[in-house]
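Here is a short guided report to read with the viewer open. Please keep the sequence at hand as well.

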Amino acid sequence: MAEASEDLVLYTYFRSSCSARLRIALNLKNIPYTSKYVNILKNEQSSPEYDAVNPSHLVPSLRHVSADITITQSVAALEYLEERFPDHTPLLPPASDTTTRAHVRTLVDVIACDTQPVTNMRILTRIAALGGTREQWARELTTEELIAYERLAKRTAGKFSVGDEITLADICLVPAVWGAQRWGVDLQRLGLETVSRVFENMEEVKAVNKAKWDCQEDTPEELRRAGEPSGTT
């Protein structure tokens, strides 16, 4: 893995699925970066310091110092890394393959647009305030969208969601499954064979395993994984 670099700064939180997308991508591409931790439970995302970084008060944010740009949406940041670092492991099909690229982006959006926004902490807090059950809300909505992802990915999946190479779709899927596990979603019981296979294959990749929520520097000790991340490459 690449050493830390102050040119790329990732504002991140260990449990944030959107942050995990960028950790996975940066690891896979072997792009050095520095992490700055934003503790959502302590409301640090609303601090004056972070407000100057991201007025939406969400994580992650990706700061590219030498380019003088801060990207405050995870999918935009993923696309930026693809375009800015074209010689590092590509996570989209070739530009000439517009059909497959569109399919990858569709899978990305199932997670990034349909699943994650309605199950993040900001929404779950409001659901609880209205008298709803956070866990049930998150579990039911996550289940619906993983079923949709399964049906779409089944058409193209090999080892991963689109063939045998990792794409942005897989990078978004993995943190969504981590969240689903947290809410008690049983992939096997639901018959999500494609999602299960892709997820298991992704977790065998060391760059992915290293990005998991339970081994980050800001992971609380009681939640921290023991030992080094497993997996290949």
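What follows goes from the whole chain to its core and then to single residues.

## Overall fold

Please keep in mind that this is a predicted model. The chain is built from nine helices and four strands. Followed along the sequence, these elements come in the order β-α-β-α-β-β-α-α-α-α-α-α-α. With a radius of gyration of 17 Å, close to the 17 Å that the globule rule gives for 233 residues, the chain is as compact as a globular protein of that length. If you are setting up a view, the C-alpha trace spans about 50 × 45 × 35 Å along its principal axes.

How much of the chain is buried? Buried residues account for 46% of the 233 residues. The contact pattern can be put in a number too: taking contacts between residues at least 6 apart in sequence, 64% join residues at least 24 apart.

## Surface and charge

The accessible surface of the chain comes to about 11700 Å², and carbon and sulfur atoms own 49% of that. The chain carries 26 positive and 33 negative charges, and the mean positions of these two sets are 2 Å apart.

## The nonpolar core

The largest nonpolar core holds 62 residues, and the members that touch the most others are L81, Y149 and I171. Eight elements each supply at least two of its residues: the strand β1 (8-12) and the helices α1 (17-29), α3 (74-84), α4 (98-115), α6 (134-153), α7 (168-182), α8 (193-203) and α9 (206-209). Which element gives the most to this core? That is α7, with ten residues.

Y149 is a good place to zoom in. Beyond its neighbours within four places in sequence, Y149 is in contact with L107, V110, I111, S161, A169, D170, L173 and V195. Y149 itself falls within the span of α6 (134-153).

## Helix α8 and the loop at S161

Helix α8 has a buried set made up of T194, V195, S196, V198, F199 and M202. These residues pack against α6, α7 and α9. For any helix of this kind, residues three or four places apart point the same way, because an α-helix has 3.6 residues a turn.

S161 sits in the loop between α6 and α7. Is S161 buried or exposed? Its relative accessible area is 0%, so S161 is buried. Leaving out residues up to four places away in sequence, S161 touches L107, Y149, A153, T156, A169, D170, L173 and V198. Y149 and V198 in that list link this loop residue to residues already met above: Y149 is among the best-connected members of the core, and V198 is one of the buried residues of α8. S161 and T194, 33 residues apart in sequence, have C-alpha atoms 7.7 Å apart in space.

## A buried lysine

K212 lies in the segment after α9. Why does K212 count as buried? Its relative accessibility is 16%, and buried means under 20%, so K212 falls within that class. Not counting residues up to four places away in sequence, K212 touches R23, W178, E203 and R225.

## Backbone details

Most residues other than glycine have a negative phi, and most peptide bonds are trans. With that in mind, three places in the backbone deserve a look. The peptide bond from V59 to P60 is cis, with omega near 5°, and P60 belongs to the loop between α2 (48-51) and β3 (61-64). H57 lies in the loop between α2 and β3 as well; its phi is near 60°, a positive value in a residue other than glycine. H57 is partly exposed, at 26% relative accessible area.

N43 also has a positive phi, near 65°. This residue is found in the loop between β2 (34-37) and α2, and with a relative accessible area of 43% N43 is partly exposed.

## An exposed position on α4

T99 lies in helix α4. Its relative accessible area is 62%, so T99 counts as exposed. For a sense of distance across the model, T99 and E200 are 101 residues apart along the chain, and their C-alpha atoms are separated by 26 Å.

Methods:
Residues are numbered from 1 along each chain as its sequence is written. This is a predicted model: local features need pLDDT of at least 70, side-chain atom pairs count only at pLDDT 80 or more; totals for chains, interfaces and linings use all residues. Side-chain values use heavy atoms; hydrogens and water are left out. A nonpolar core is a set of buried Ala, Val, Leu, Ile, Met, Phe, Trp, Tyr and Cys residues joined through side-chain atoms within 4.5 Å. Buried means under 20% relative accessible area, exposed over 50%, partly exposed in between (1.4 Å probe, protein chains only). Contact means heavy atoms within 4.5 Å. The radius of gyration is taken over C-alpha atoms; the globule rule is 2.2 Å times the number of residues to the power 0.38. Accessible areas come from the Shrake-Rupley method with a 1.4 Å probe; for residues, only the protein chains shown count as cover. Lys and Arg count as positive and Asp and Glu as negative; His and the chain ends are not counted. The place of a charge is taken as NZ of Lys, CZ of Arg, CG of Asp or CD of Glu.
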